[in-house]
Every structure is written in structure tokens, then in C-alpha cells.
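User: I'm new to this one. Can we walk through it with some quick questions?

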Amino acid sequence: MTRQKLKLGAILIGVGDASVSELWRDPAVPLDASVDINWYTSQAREAEEAKFDFVFIVDSQYITQNFPHHHLNRLEPLTLLSAVAMVTNRIGLIATISTNYSEPFETARRLASLDLISSGRAGWNIVTSQDPGTASNFSRINHGNHDQRYQRATEAVQVVQGLWQSYENDAFARDRTAPHFLDPAKLHRLDHQGKFFSVTGPLNIQRSQQGQPPLVQAGTSAQGRELSAQYSDLVFSFARTQEEALELARDVRARATRYDRHQNEILFFPAVSVTIGDTDEEAQRIANARFSASDIQRQLASLSRQFDGHDFSNYDLDATFPLIERKSDAGIERFHIELAEARDTGKTLREILQAQCLSWLQITGSPETIADEIANWYVNGAADGFNLFVHHPSDWFYFRNRVVPQLVERGIFRNEYETKTLRGNLGLKIPENIYVHNRKVVKMRRSKKLRTSNRRTGNQGGLS
Ligand SMILES: Cc1cc2nc3c(=O)[nH]c(=O)nc-3n(C[C@H](O)[C@H](O)[C@H](O)COP(=O)(O)O)c2cc1C
């Protein structure tokens, strides 16, 4: 089996997350970028010109004043992607929806709508929501513990995928002379009764030409990996080293075989941020200057979010990373890995913030250096693609115009879209409607049985 080419996604994050707390001061970033639909559409068009596979919209539903700037004032993913769909033709549109704070019927319907609006380019980033405060915005007292959130996520995905099977492709006659508008035999109820949801269906919207939106999942605890193994088409991660990325891919792929899935059905996308200069030295100078101009208190607040709300504001920035204790079960896996990493490096709190070594892969260098590093991860199987944070416009410009052409030249990235759908461009199969599939299986079994009994009785069948 020949390997798919490298895939690229662009995370559109407006005025910036915590890792670039000074981004909003960049004169090339509109001050209202995170709520400016023209900003999103222009970024998406640029990504499409560079033949990116998708734009990716992260999301959450809880803030305090200390949250990253982009979180404070941003558009809702499906609403904004519907607008992006109207001015783009090929690029995929991946929206984040939390299973913990949504009803699967609504999720299925909204994503199916985006999928039809975009002619088969929608995708779903499934998240379980990390911020316990979110409960207070949804009339709930309880956020649910880690296990419960994943159980709910698993059931939600089953219901959503079940609802996406409601209509067979030819359920509607689409012929004014036909006896009926709809063939009722090709519309299916779900009748789901589970621990968290009770949903009869059917869904009131048909499938798109990609069958159903691909699923993305990013949690890396045992439960997160199991969810990915069972359902994800893409695994988004914050792997910072190739070893970390390879371990994740090996483990999820091994788990996937237990669900009768082929290993290559799941694609792995580490997140990456880049700082690009004409030379490696210039890029490093830019990175240093940005760190000096950054708001340390906001970076500490973001670190706090990563470490279970721990307050870092009173620590000596030039002392080694403090030993802290976990209070809740939010992001269990990363809490321990990151704490161990922070302490093992012997770096000070300030150095940890500057290197951003607790966030995700950061590459600083010339376009050649960036292309080398990306190619190296891809060739070693540590990444099938990368999900690039779109931060400073200068880096975005360099990436599209200097890094991407090098990846094309090296033969590892496309110079034209292969198909019109997100699934097609990612090289993922279009799933057949389950009812059509089941009927085919029954028919096949019947004819096999008939052939066997004919052989036994000496009846050759056919014309005689
Ligand atoms: C790369 C990555 C991206 C994520 N994006 C979001 C997001 O956009 N919104 C959100 O609410 N949670 C997001 N999460 C949180 C996860 O959905 C999950 O709740 C969290 O990682 C805890 O699960 P775990 O213990 O399995 O890692 C993200 C996590 C990772 C690792």
C-alpha cells in the first residue's frame, strides 16, 4: 500500500492563544480577528491556495478574564465555518463540539448541515471539555469526572454516527413523476436507549457526498486513546517529540485492530507552531524578541490552566519548576507527563515559558529548516500530517510561500487537491450506509448458502 502524501491543517486562532499572548499587538492582525468573519474567510482562502487539507476551529464554552485572548471573544465554530464554506471550494472545515455539553441529535444535525452546505467538506473535532467551570454555563452542577466524560463521549459518537445513517442515498425520488417524494423503506429510525442518551431519530437531514464528516479526537489518556481507536479518522495531538508521537500512533493503532479497523485508517496530526526567518539565526532573534515582549502573567495563567488551575503567579520565575499536586482529574495524562518533563529538564519557570516546551511542537528556523523538520517527522512515520497554528501573519506567509513549495518539491505534499471532499483529500474511505451494507451482506450470505446447497444436491442453477 503506497503511503498517502503529507496532510496539512490550519488552526485559525485569531488574536492568539496563550503561547502568543502578544500577537494582538501585531499590526498585521486585525484587532477583532477572532470575531471578524472576513479574517477567517481570508485565512481559509489562503490555506486553500496553498492546498491545505482543512482549517480547524478549536472551541470551549467557559472563560475568565485570564483566559487567552482568542478565548475571550470568538465566533462559534459551525456558524463561522458555514460562512467560510460559501467562499471556498476544496478545503475541509473542521469544527470543535464538546460531547459533554451538547445533545447528539443537535450535533449530528448541525454537522450534517455544514457537510451539505460545503458539499462534503465538514469534520468534527470531538472534545470532552477540560474546564470544570463549563458546567455553570449549562445549568449543571457537575462537570462529570474524567471517566464519565469519556463514557458520555463514546455514547454520543455512537448516537451521532447512528443518526447519520438515517437516510439511504436514494431515499428521495427526486423525480416529479415518481409516486412518492420519499421511499419510506429507505428512512431508518435509530431507537437508541443508553446510559446518557435516549434518541429515537431519524435525523431530518440526508448524507453528503462524503457519507459523513470525518472524526477527530485529541485526548491522550487511556480513555481518549480508546475513543480514537474506535472512532477517530484523525488523531490531533500535542506530541512534542517524534518518540512521543510514535508511541501514541503505535498504541492507538494497536487498540484499533481490536475494533476490526485497519491501522492505516487513522491519521496522526501533531500540532505545530513555527517562527520563520530568512536564516535560522534571524528566526531565533524573532522568537527571542517576541518572548521579551510577551505578557508573562498571561502565560502563567495559561500554564495554570494546563496544571489544573494551579496558581503560578507568586513563584520566582528564575527558580526551578515547582513541584505541584493535581487537584482534579482534568487532563490527567498531560499533567503528569508535563510536570515530570518540566522538573527533569532542570529549567527555570521563565526558561520553560520561553522554550514553550510544555505546549506542543515549536519549530524555529529558516524555511529550509522548517521543511526539513516536517519532512523528517513524516518520513519517520511520526506524523501523517501537521495541524499548524496560524499565529503571526509573517510566519503564515512564509509557511505558505516558502515552506509548502519545498514540501511539494520534495514530493511529499500535493500541488493539487485530489478530490472535492475532505474525506477524499485525506484518503479516507466513504463509509457505506449501514442499512445498504447490511442488506448486501445478507444477500451475499444467502447466495453463498444457495450455491453450497446447489453443489450438495448437484443442481447447477442458472439456465437449463
Ligand atoms: C491537542 C488537543 C486539542 C484539544 N482541543 C480542545 C478544544 O478545542 N476544546 C476543548 O474543550 N478541549 C480540547 N481538548 C481537550 C480534550 O478534549 C480532553 O478533554 C482533554 O485532553 C482531557 O482528556 P485526556 O485526559 O484524554 O487527554 C484538546 C486536547 C488536546 C490534547
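User: Let's start small: what relative accessibility does aspartate 191 have?

Analyst: A quick heads-up: this is a predicted model, where local features need pLDDT of at least 70, side-chain atom pairs count only at pLDDT 80 or more, and totals for chains, interfaces and linings use all residues. Residues are numbered from 1 along each chain as its sequence is written, and side-chain values use heavy atoms, with hydrogens and water left out. Buried means under 20% relative accessible area, exposed over 50%, and partly exposed in between, using a 1.4 Å probe and protein chains only. Aspartate 191 counts as partly exposed because its relative accessibility is 45%.

User: What is the phi of aspartate 191?

Analyst: Helices (H or I, at least four residues) and strands (E, at least two) are DSSP runs numbered from the N terminus, and aspartate 191 sits in the loop between H5 and S5. Most residues other than glycine have a negative phi. Aspartate 191 is not a glycine, yet its phi is positive, at about 55°.

User: And aspartate 260, which also has a positive phi without being a glycine: is it buried or exposed?

Analyst: Aspartate 260 lies in the loop between H7 and S9, with a phi of about 60°. Its relative accessibility is 75%, so aspartate 260 counts as exposed.

User: Which proline follows a cis peptide bond?

Analyst: Most peptide bonds are trans. Here, the bond that starts at glycine 201 is cis, with omega near -5°. The proline is found in the loop between strand S6 (198–199) and strand S7 (215–217), and the residue you're after is proline 202.

User: Moving on to the ligand: how many residues surround it?

Analyst: A residue is near a molecule if one of its heavy atoms lies within 4 Å of it. Asp59, Thr128, His146, Tyr150 and Ser221 are the closest. By class, there are six nonpolar, nine polar and one charged residues, where Ala, Val, Leu, Ile, Met, Phe, Trp, Tyr, Cys and Pro count as nonpolar, Asp, Glu, Lys and Arg as charged, and the others, Gly among them, as polar. The number of residues around the ligand is 16.

User: How much of the ligand's accessible area does the protein cover?

Analyst: A ligand nitrogen lies 2.5 Å from a backbone N or O atom of aspartate 59, while ligand oxygens come to 2.8 Å from a side-chain N or O atom of histidine 146 and to 2.6 Å from one of serine 221. Accessible areas come from the Shrake-Rupley method with a 1.4 Å probe. Of the 610 Å² that the ligand has on its own, the protein covers 92%.

User: Which strand is joined to S9 by five bridges?

Analyst: Two strands pair if DSSP finds at least two bridges between them. Strand S9 covers residues 267–276 and runs parallel to its partner, with serine 273 standing opposite glutamine 362. The partner has a covered face of Leu361, Ile363 and Gly365 and an uncovered one of Gln362 and Thr364. That partner is S10.

User: How far apart in sequence are aspartate 53 and arginine 414?

Analyst: A salt bridge is a side-chain nitrogen of Lys or Arg within 4 Å of a carboxyl oxygen of Asp or Glu, and aspartate 53 and arginine 414 form one at 2.8 Å. Aspartate 53 is in the loop between helix H1 (37–49) and strand S2 (54–57), and arginine 414 is in the loop between helix H13 (393–409) and helix H14 (422–426). Both are buried, at 0% for aspartate 53 and 3% for arginine 414. Along the chain, the two are separated by 361 residues.

User: Which residue forms a salt bridge with glutamate 168?

Analyst: Glutamate 168 is buried at 2%, and its partner counts as partly exposed at 43%. The closest N and O atoms of the pair are 2.7 Å apart. The partner lies in helix H15 (residues 434–457), so the pair ties together parts that are 271 residues apart in sequence. The partner is arginine 439.

User: Last one: which backbone oxygen does the side chain of arginine 261 reach at 3.0 Å?

Analyst: A polar contact is a pair of N or O atoms within 3.5 Å; within protein, one must be able to donate a hydrogen and the other to accept it, and residues adjacent in sequence count only if both atoms are side-chain atoms. Arginine 261 is buried at 11%, in the loop between H7 and S9. Its side chain reaches the backbone oxygen of serine 228 at 3.4 Å. At 3.0 Å, the side chain of arginine 261 reaches the backbone oxygen of alanine 229.
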